[in-house]
Amino acid sequence: MHSTIDMRSDTVTRPSLEMRRAMAEAEVGDDVYEDDPTVNALQERAALLLGKEAGLLVPSGTMGNALALMTHTRPGDEVLMDTDAHSMLYEVGLPATLAHVLTRQFRSRAGIPDVEEIEGCLHSADLHTPGTSLLILENTHNRAGGTVIPLDVHLAVAQLARSRGFSVHIDGARLFNAVVASGVPASEFAACADSVTFCLSKGLGCPVGSVLCGTEAFIERARRFRKMLGGGMRQAGILAAAGLYALDNNIARLADDHRHARRLADGLTDAPGLTLEKHEIPTNMVYFRTQVPASQFAERLAAHDILCGAPATIYVAKSEAGRRAPGAPGVRPVPNRIRLVTHLDIDSEDIERAITSIRSVGAAMNA
Ligand SMILES: Cc1ncc(COP(=O)(O)O)c(C=O)c1O
C-alpha cells in the first residue's frame, strides 16, 4: 500500500515527532501580556536572522501582510504590487477592506519586477492624486513559479524607495526558499525593505504561524493592529516552539525540496499531453499546462493518490514576456494550469512515483 502524495502546496506538511516534542515541552506565558518566553525567543531570533529590530508572531502570512499594509499606509494611499501578487489575488481584497488603500499594479517579468516600470507607476500626493506610500514585493513569487527576485533588483528598488519616499514590504512567505536557492542571507534581502513577513507554516514545516519583522516602532504599531484583528494569542509559545525548531532544523533542507522539484520537472519535460511552463525550476514549484481542463486532470491524478493544485480561477499575463501587449486585455483565464509543490513530506521515491503517474494520466487523457 502506498500513501497519498500531496503536492497541492507546501502548507500540507505535518509537524514531525521532534517538532511536536518541542511544542509539548515549550515554556509558555500569556503573549498578549508579552510574557510568553518562547514567543519572545522566536521573535528575537527572527529579527536577528533578518537584521531587523523586532519581530511579531502572527497566525498567518495573510495577517502579516495585513498588518504591514495597515501600519505603513493611511486610508486612501496608493500601494503598488505585482498584478500576480498573492496580496492582490488571494487575500480576499484585504488591501481595500482592511487597509482602505488603492492598489496599483505593475507587471513583472516572470515574477521579477522592472524598476523603471515601478518608477513609472509612482504618484506623489497632491491635490488630485493619492501618494504611493508602499510597495509590496513577493520573494519567492508564488504565481510566477517560485521565482527568486535577485538581490540587485531589491537593492535598486530600495534606492528608488529612499529617493521617492515610499516604504517597501517583502511578502517573504517563502523567503527562506529564496535564501537557500540564491545563497543570499535573509538579512541582505531584508535590508532592502522596511518590513518583511516570512511563513513558518510553508516549507519550514510548522502547523501555524508567520513572523513580521521591522523596526521597534513599526512592530509596536503592528501589535495594536494584530490585537484589533483578533491575532493576539495567549499561550502561543506552543506554536513558537515549532517555529524555533524549524529555524534550527528546516532551513538548509529546503535544498532537497528544490532538487526534488527539478527532478520532477525533468521527468515531465516530454510528458504526453502536458507542457511545462518553465524548465528551469528556481525553488520548490513546478507549473504545467494540460490539454484537458485542470480540474479533470487533477481528479484523474487523485485516483493514483497524487494530489496537485488546480485552482478554479487563474489568470496569467497575456504576452510570453510577461508584459502587456499593446491593446491586449492584460490577463486571461487559464483553466488548464496545474501546480505541484515539493516539501518536507515528499521524498525522492515519491517524486519518481509522481512522475510515472502524471505521465500515465497525461497519456491516457490525450489518447
Ligand atoms: C506568497 C504568499 N504570501 C502570503 C500567503 C498567505 O499565507 P497564509 O496562508 O499563511 O495566510 C501565501 C500563501 O500561500 C503565499 O503564497
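**Figure 1. The ligand occupies the second largest pocket of this predicted model.** The pocket that holds the ligand has a volume of about 210 Å³. Its lining consists of 17 residues, and those nearest its centre are H86, N142, A173, R174 and K202. Sorted by class, the lining of this second largest pocket contains 3 nonpolar, 8 polar and 6 charged residues. Helix α3 provides the largest share of the lining of the second largest pocket, with 3 residues.

**Figure 2. The shell of residues around the ligand.** The view shows the residues S60, G61, T62, N65, H86, E91, E138, N142, D171, A173, R174 and K202 around the ligand. Of the residues in this shell, 1 is nonpolar, 6 are polar and 5 are charged. Which helix gives the largest share of the shell? It is helix α3, spanning residues 61–72, which contributes 3 residues.

**Figure 3. Polar atoms of G61, T62 and R174 beside oxygen atoms of the ligand.** In G61 a polar backbone atom is 2.9 Å from an oxygen atom of the ligand. In T62, by contrast, the atom concerned belongs to the side chain: this polar atom lies 2.5 Å from a ligand oxygen atom. R174 likewise presents a polar side-chain atom, at 2.8 Å from an oxygen atom of the ligand. How much of the ligand's surface does the protein bury? The ligand taken alone exposes 390 Å², and the protein buries 84% of that area.

**Figure 4. The largest cavity and its lining.** A search of the whole structure for cavities of 30 Å³ or more finds 1. The volume of the largest cavity is about 50 Å³. Its lining is formed by G172, A173, R174, L175, F176, N177, F198, C199, G203, L204 and L254. By class, this lining comprises 7 nonpolar residues, 3 polar residues and 1 charged residue.

**Figure 5. Elements that contribute to the lining of the largest cavity.** Two elements, α8 (175–182) and β7 (195–199), each supply at least two residues of this lining. The largest share, 3 residues, comes from α8. A173 and R174 are also among the residues that line the largest cavity, and both belong to the group of residues nearest the centre of the second largest pocket. These two residues are likewise found in the shell around the ligand. For R174, the view may be read together with Figure 3, where a polar side-chain atom of R174 lies 2.8 Å from a ligand oxygen atom.

Terms used. Residues are numbered from 1 along each chain as its sequence is written. This is a predicted model: local features need pLDDT of at least 70, side-chain atom pairs count only at pLDDT 80 or more; totals for chains, interfaces and linings use all residues. Side-chain values use heavy atoms; hydrogens and water are left out. A residue is near a molecule or strand if one of its heavy atoms lies within 4 Å of it. A polar contact is a pair of N or O atoms within 3.5 Å; within protein, one must be able to donate a hydrogen and the other to accept it, and residues adjacent in sequence count only if both atoms are side-chain atoms. Accessible areas come from the Shrake-Rupley method with a 1.4 Å probe; for residues, only the protein chains shown count as cover. On a 1 Å grid over the protein atoms alone, a cavity is a set of points where a 1.4 Å probe fits but cannot get out, and a pocket is an open set with protein on both sides within 12 Å along at least five of seven lines; lining residues have an atom within 4 Å of a point. A molecule sits in a cavity or pocket if more than half of its atoms lie within 2 Å of its grid points. Helices (H or I, at least four residues) and strands (E, at least two) are DSSP runs, numbered from the N terminus. Ala, Val, Leu, Ile, Met, Phe, Trp, Tyr, Cys and Pro count as nonpolar, Asp, Glu, Lys and Arg as charged, and the others, Gly among them, as polar. Grid points are joined across faces, edges and corners, and a volume is the space filled by probe spheres set on the points.
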